[in-house]
Amino acid sequence: MKVLFSKDFDLELEDAVIQYRNQFMIVSTKHQTADAAKLVALAARCHYVNKKWLAGMLTNWFTTEARLEKFKNLTKKKNTGGFDGFTKKEAAILKRELNKLQEDLGGIRYMTKLPDIVIILDQKGEYTAIQECRTLGIPTICLVDTDCDPDLVDIPIPANDDGRGPIRLILNKLILAIHAGRELYYKK
């Protein structure tokens, strides 16, 4: 088991970016950190889940792809005025469905394949995500508090997963390391 500390963290993550070709997913559905995870994911151009982890999101990828396709089609239809041809009730149903898909899949909207690395900010709250990653062999980086099991993830980061300060610090390190790794990758 490898534990990352501040000195080794940047180098390890940069190597991971180069090796796995940039497909990261950041997962945090905890109320305190969900918005921060979204902002970091957008800044680092990563996929994210910050509302609710849907069981089978990765292990049942075929269904997730179908839902993503439906989401894209409904968004396109709404943007081109395609809802105008429906009755008010039908249009309202489609808008409600689109809003639900946006909430559930908005952060993975552009995902075309399974992520290469999943970064999880709350081990206890995201146990289903960790299990799916373990089943599929997807490496995981996870904040591990004193009440968590570091053996469940590939790269545990010992930190307080309840405090906003430590999480912001680690997320900022993640952004810097992902950007540096991508820069090195594209130079090769």
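**Helix packing, nonpolar cores and loop residues in a predicted model**

Just after helix H5, Gly-137 adopts a positive phi of about 75°. The structure described here is a predicted model, and H5 spans residues 127-136. The buried residues of this helix are Ala-129, Ile-130, Glu-132 and Cys-133. Viewed down the axis of H5, these residues fall within an arc of 160°, so they line one face of the helix. Strands S3 and S4 are the elements against which the buried residues of H5 pack.

The overall organisation of the chain places H5 in context. Six helices and five strands make up the secondary structure, arranged along the sequence in the pattern α-β-α-β-α-α-β-α-β-β-α. The chain has 188 residues, of which 46% count as buried. Among contacts in the chain with a separation of 6 or more, 61% are between residues 24 or more positions apart.

Helix H3 comprises 19 residues, 61-79. At 1.5 Å a residue, H3 should span 27 Å, and its end C-alpha atoms are indeed 27 Å apart, which agrees with that expectation. Trp-61, Thr-64, Leu-68, Phe-71, Leu-74 and Thr-75 are buried in this helix. Seen down the axis of H3, the buried residues fall within an arc of 145°, so they line one face of the helix. On the other side of H3, Phe-62 and Lys-76 are exposed. The cover over the buried residues of H3 includes helix H4, residues 88-105. H3 is followed by Gly-81, whose phi is positive, near 80°.

The nonpolar interior contains a largest core of 30 residues, in which Met-25, Trp-53, Leu-58, Ile-108 and Val-118 touch the most other members. Two or more residues of this core come from each of strand S1 (24-27), H3, H4, S3, H5 and strand S4 (140-144). H4 gives the most to this core, with five residues. The surroundings of Met-25 can be described in detail: leaving aside neighbours within four places in sequence, Met-25 is in contact with His-47, Val-49, Trp-53, Leu-58, Ile-108, Met-111, Pro-115, Ile-117, Val-118 and Ile-119. A second, separate core of 22 residues includes Phe-24, Ala-37, Ile-141 and Ile-157.

Cysteine pairing was also examined. A search of the whole structure finds zero disulfides. Cys-133 is in no disulfide, as the nearest cysteine sulfur, that of Cys-142, is 9.8 Å away. The sulfur of Cys-142 in turn lies 6.7 Å from the closest cysteine sulfur, in Cys-148, which is too far for a bond, given that a disulfide requires sulfur atoms within 2.5 Å. Cys-133 is buried, with a relative accessible area of 0%, and Cys-142 likewise counts as buried at 0% relative accessibility.

Several loop residues were considered individually. Leu-121 lies in the loop between S3 and H5 and is buried, with a relative accessible area of 1%. The C-alpha atoms of Leu-121 and Ile-26 are separated by 7.8 Å, although these residues are 95 residues apart along the chain. With neighbours within four places in sequence left aside, Leu-121 is in contact with Val-27, Ser-28, Ala-37, Leu-143, Asp-161, Ile-167 and Leu-171.

Asp-116 is placed in the loop between H4 and strand S3, which covers residues 117-120. Asp-116 has a relative accessible area of 16% and is therefore buried, the cut-off being under 20%. Its side chain makes a polar contact with the side chain of Lys-113, at 3.2 Å.

Arg-45 occupies the loop between helix H2 (34-44) and strand S2 (47-49). In contrast to the two preceding loop residues, which are buried, Arg-45 is exposed, with a relative accessible area of 57%. The phi of Arg-45 is near 55°, a positive value in a residue other than glycine. Most residues other than glycine have a negative phi.

How values were computed:
Residues are numbered from 1 along each chain as its sequence is written. This is a predicted model: local features need pLDDT of at least 70, side-chain atom pairs count only at pLDDT 80 or more; totals for chains, interfaces and linings use all residues. Side-chain values use heavy atoms; hydrogens and water are left out. Buried means under 20% relative accessible area, exposed over 50%, partly exposed in between (1.4 Å probe, protein chains only). Helices (H or I, at least four residues) and strands (E, at least two) are DSSP runs, numbered from the N terminus. The expected span of a helix is 1.5 Å times one less than its number of residues. The arc is that of the directions from the helix axis to the C-beta atoms. Contact means heavy atoms within 4.5 Å. A polar contact is a pair of N or O atoms within 3.5 Å; within protein, one must be able to donate a hydrogen and the other to accept it, and residues adjacent in sequence count only if both atoms are side-chain atoms. A nonpolar core is a set of buried Ala, Val, Leu, Ile, Met, Phe, Trp, Tyr and Cys residues joined through side-chain atoms within 4.5 Å.
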